[in-house]
Amino acid sequence: MAILFCVMLSYVLFVHYIRKIGNETLRYKTVLELAHTIQKTLVPIISQRTARFEIYGMGMLKTTTRTALRDRSGGEGKELVSNR
C-alpha cells in the first residue's frame, strides 16, 4: 500500500513539475517574441555610401533579450563603430 502511495505521489509531483516548466518556457518565449518585435521596430537598418566605403549595419536577433546594433556609422568622415 505504501509503495502505491509513493508511486502516485511521485507521478503527481512529476506532472506538476512538467507543467511548471512548460508555463515558464511559454512565458520566456512570449517575452522574447515581444522583444524581437520591438527590436525590429526600433532598430533600423543603416546603409550609407561614401566615395571610398559602403557601410551597412543591422540589428541581429538573438535568443536572449540582449541585442545590439552590430555596426553603425557616425556619418561622413567619422569612424565606424562596432558593438559586438
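## Helix 1 and its nonpolar patch

F14 sits in helix 1, which covers residues 2–42. This is a predicted model, so read everything here as computed from predicted coordinates.

F14 also helps make a nonpolar surface patch, together with Y17, I18 and I21. The patch comes to about 400 Å².

## Overall layout

The protein chain has 1 helix and 4 strands. Starting at the N terminus, the order is α-β-β-β-β, with the helix ahead of the strands.

As for how the chain contacts itself, take the contacts with a separation of 6 or more: 28% of them link residues that are 24 or more positions apart.

## Surface and burial

There isn't much burial here: of the 84 residues in the protein chain, 8% are buried. The accessible surface adds up to about 7700 Å². Carbon and sulfur atoms account for 63% of that surface.

## The salt bridge

How many salt bridges turn up in a search of the whole structure? The search finds 1. The partners are E54 and R49, whose side chains meet at 3.7 Å, N to O.

Are the two partners buried or exposed? E54 is exposed, because its relative accessible area is 57% and the cut-off for exposed is over 50%. R49 is exposed as well, with a relative accessibility of 64%. So the salt bridge pairs two exposed residues, E54 and R49.

Technical notes: Residues numbered from 1 in each chain as written. Predicted model: local features only at pLDDT ≥ 70, side-chain atom pairs only at ≥ 80, totals over all residues. Heavy atoms only, no water. Salt bridge = Lys/Arg side-chain N within 4 Å of Asp/Glu carboxyl O. Buried < 20%, exposed > 50% of the residue type's maximum accessible area, 1.4 Å probe, protein only. Helix = DSSP H or I, 4+ residues; strand = E, 2+ residues; numbered from the N terminus. Contact = heavy atoms within 4.5 Å. Areas by Shrake-Rupley, 256 points an atom, 1.4 Å probe, with all protein chains shown as cover. Patch = residues over 30% accessible without salt bridge, like charges linked within 9 Å, V, L, I, M, F, W, Y side chains within 5 Å.
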